[in-house]
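Me: I would like a close look at a single part of this structure, with its surroundings described carefully enough that I can follow each contact. Please take one helix and work outwards from there.

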Amino acid sequence: PLTAAERLVEHALGLRWVDVPAAARAAAATFLHDTLAVGAAGARAAHADDILSVARGWGLGQEGRVLGRPGVRLPPVQAAFVN
């Protein structure tokens with residue numbers, strides 16, 4: 001039997017964008033744009049370099065990208081924190 005999380009992932013992966021209600025698509029686009037804009041703007045904010053330096057010391061990995069920092073890669077959790 002699948003866990004609740006596995007069922008949710010299975011459902012999400014089975015969706016087609018056109019099957020998602022228009023209001024949900026619009027909200028997703030708004031939140032995606034907001035996330036990208038805040039991440040890019042924050043890349044040069046006060047203490048951004050300090051936060052990046054600290055996050056680099058939390059572990060190894062290069063799967064995650066840091067917004068506004070071309071070529072910078074971190075483990076996914078650290079990249080999400082910096083972003």
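Reply: What follows is a close look at helix H3 and the parts of the chain around it.

The model is a predicted one, and every value below is computed from its coordinates. Helix H3 runs over residues 48-56, and within this helix Ala48, Leu52 and Ala55 are buried. These buried residues cover an arc of only 65° around the axis, which puts them on the same side of H3. An α-helix has 3.6 residues a turn, so residues three or four places apart point the same way. What covers the buried residues of H3 includes helix H2, strand S2 and helix H4, and the description can therefore be followed through the buried side first and the rest of the helix afterwards.

One residue that reaches this buried side is Arg69, which lies in the loop between strand S1 (64-65) and strand S2 (73-74). Leaving aside its neighbours within four places in sequence, Arg69 is in contact with Ala48, Asp49 and Leu52, and also with Ala43 and Arg44. Ala48 and Leu52 in that list are among the buried residues of H3. Arg69 has a relative accessible area of 11% and counts as buried because this value is under 20%.

The contact between Arg69 and Asp49 is also a salt bridge, in which the closest N and O atoms are 2.8 Å apart. This pair links distant parts of the chain, since Asp49 belongs to helix H3 and Arg69 to the loop between S1 and S2, with 20 residues separating them. The two partners differ in their exposure: Asp49, at 47% relative accessibility, counts as partly exposed, whereas Arg69, at 11%, counts as buried. Side chains of opposite charge can pair when their charged atoms come close.

A search of the whole structure finds 2 salt bridges, and the other pair may be set beside the one just described. Arg16 forms a salt bridge with Asp19, with the closest N and O atoms 3.0 Å apart. Here Arg16 counts as exposed at 51% relative accessibility, while Asp19 is partly exposed, with a relative accessible area of 44%.

Returning to H3, a further contact with its buried side comes from Gln78, which is found in helix H4 (residues 76-82). Not counting residues up to four places away in sequence, Gln78 touches Ala55, Trp58 and Gly59, and Ala55 is one of the buried residues of H3. The side chain of Gln78 also reaches the backbone oxygen of Trp58 at 3.3 Å. Gln78 itself counts as buried, because its relative accessibility is 7% and the cut-off is under 20%.

Trp58 also appears in a nonpolar surface patch of about 410 Å², which is made by Ile51, Val54, Trp58 and Phe81. Of these residues, Ile51 has its place in helix H3, and Ile51 is partly exposed, with a relative accessible area of 37%. Ile51 can be contrasted with Ala48, Leu52 and Ala55 of H3, which are buried.

The stretch of chain that comes before H3 also deserves attention. His47 lies in the loop between H2 and H3, and its phi is near 70°, a positive value in a residue other than glycine. Most residues other than glycine have a negative phi, and most peptide bonds are trans. His47 is exposed, with a relative accessible area of 56%. Ala45 is found in the loop between H2 and H3 as well, and at 39% relative accessibility Ala45 counts as partly exposed. Ala45 and Gly71 are 26 residues apart in sequence, and their C-alpha atoms are 18 Å apart in space.

Helix H2, which takes part in covering the buried residues of H3, comprises residues 22-42 and includes Ala37. Ala37 counts as partly exposed at 46% relative accessibility. The C-alpha atoms of Ala37 and Trp58 are separated by 25 Å, with their positions 21 residues apart along the chain.

Terms used: Residues are numbered from 1 along each chain as its sequence is written. This is a predicted model: local features need pLDDT of at least 70, side-chain atom pairs count only at pLDDT 80 or more; totals for chains, interfaces and linings use all residues. Side-chain values use heavy atoms; hydrogens and water are left out. Patches are made of residues with over 30% relative accessible area and no salt bridge: like charges are joined within 9 Å, nonpolar side chains (Val, Leu, Ile, Met, Phe, Trp, Tyr) within 5 Å. Accessible areas come from the Shrake-Rupley method with a 1.4 Å probe; for residues, only the protein chains shown count as cover. A salt bridge is a side-chain nitrogen of Lys or Arg within 4 Å of a carboxyl oxygen of Asp or Glu. Helices (H or I, at least four residues) and strands (E, at least two) are DSSP runs, numbered from the N terminus. Buried means under 20% relative accessible area, exposed over 50%, partly exposed in between (1.4 Å probe, protein chains only). Contact means heavy atoms within 4.5 Å. A polar contact is a pair of N or O atoms within 3.5 Å; within protein, one must be able to donate a hydrogen and the other to accept it, and residues adjacent in sequence count only if both atoms are side-chain atoms. The arc is that of the directions from the helix axis to the C-beta atoms.
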